[in-house]
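Good morning, colleagues. Please take a moment to look at the sequence and the structure on the screen before I begin.

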Amino acid sequence: MMVETLGIHELWLLILSGLLLNVTPGPDTAYIIGRSIQFGWRGGAAAATGISVGCLVHVFGAAIGLSALLMASSAAFTVLKWAGAAYLLFTGIQMLLSHSRPLAEAAVAGNETSLARVFWQGALTNVLNPKVALFFLAFLPQFVAAESAHKTLAFLVLGLIFITSGTLWCFGIAAFAARAAGRIRQSAGAMAWINRALGGLFVYLGIRVAMLEAR
């Protein structure tokens with residue numbers, strides 16, 4: 001089997017761990033639900049896809065050793081940390097100060113642009129977060145034999161399995177949230193509060209990233 005050839009072991013445990021991690025509510029889940037309420041299924045799917053792409057960048061970085069080098073360099077870690085914190089804080093404050101409109105008006109104003117912004121916010125939130133890089137550096141090696149001659153490929157396979165299962169789960173969350181929030185999307189007041197909640201989430205994440213220390 002390819003799994004054995006790559007030195008991958010206890011694949012079932014990785015899948016189970018991934019399932020448990022994905023069903024545990026967190027900032028990513030909150031972001032997907034918020035965007036699903038605002039823009040419907042497409043908004044939630046755009047958020048989930050962006051988050052997955054951001055994680056994939058870190059998986060690739062871990063596979064080729066780039067993440068390890070980044071974490072080993074105090075200067076590089078600090079640059080990434082402050083870039084991520086600045087982006088999150090700027091986005092959060094911008095959302096707190098913005099005015100949301102009902103979905104019907106938003107669609108007329110250019111829904112495709114909004115969905116692209118949702119995607120890139122999800123992606124950059126993960127790409128610029130050193131904590132995500134640290135997670136994959138600590139998590140994936142547990143399932144690859146130390147003597148494996150194909151560690152890079154093994155990391156990529158494991159990362160893709162983890163991210164694929166997580167993306168499918170997030171799509172389900174997006175569909176459920178979008179279906180349950182049909183009336184909310186027609187209320188400008190409710191949309192404004194959701195936007196503020198998401199803005200607060202970004203500010204909170206920005207503060208957390210700023211407080212990270214290299215390990």
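How many aromatic pairs does the structure hold? There are nine aromatic pairs. I should say at once that this is a predicted model.

Let me begin with one of these pairs, Tyr31 and Phe202. The centres of the two rings lie 5.5 Å apart, and their planes stand at 80 degrees; because an angle over 60 degrees counts as edge-to-face, the pair formed by Tyr31 and Phe202 is classed as edge-to-face. Where do the two partners lie? Tyr31 belongs to helix α3, which covers residues 27-39, while Phe202 belongs to helix α10, which covers residues 188-210. The pair therefore ties together parts that are 171 residues apart in sequence. Are these two residues buried or exposed? Tyr31 and Phe202 are both buried.

I turn now to a second group of rings. Phe135, Phe136, Phe139, Phe143 and Phe162 form a cluster, linked by ring pairs.

Next, the chain as a whole. Its secondary structure consists of 10 helices and zero strands, and the pattern along the sequence reads α-α-α-α-α-α-α-α-α-α. The chain has 215 residues, of which 47% count as buried.

As for contacts, consider those between residues at least 6 apart in sequence: 86% of them join residues at least 24 apart. The pair of Tyr31 and Phe202, which I described earlier, joins parts 171 residues apart.

Finally, the surface. The accessible surface of the chain amounts to about 11000 Å², and carbon and sulfur atoms account for 71% of that area. Thank you for your attention.

Terms used:
Residues are numbered from 1 along each chain as its sequence is written. This is a predicted model: local features need pLDDT of at least 70, side-chain atom pairs count only at pLDDT 80 or more; totals for chains, interfaces and linings use all residues. Side-chain values use heavy atoms; hydrogens and water are left out. Rings of Phe, Tyr and Trp (its six-membered ring) pair if their centres lie within 6.5 Å; planes under 30 degrees apart count as stacked, over 60 as edge-to-face and the rest as tilted. Helices (H or I, at least four residues) and strands (E, at least two) are DSSP runs, numbered from the N terminus. Buried means under 20% relative accessible area, exposed over 50%, partly exposed in between (1.4 Å probe, protein chains only). Contact means heavy atoms within 4.5 Å. Accessible areas come from the Shrake-Rupley method with a 1.4 Å probe; for residues, only the protein chains shown count as cover.
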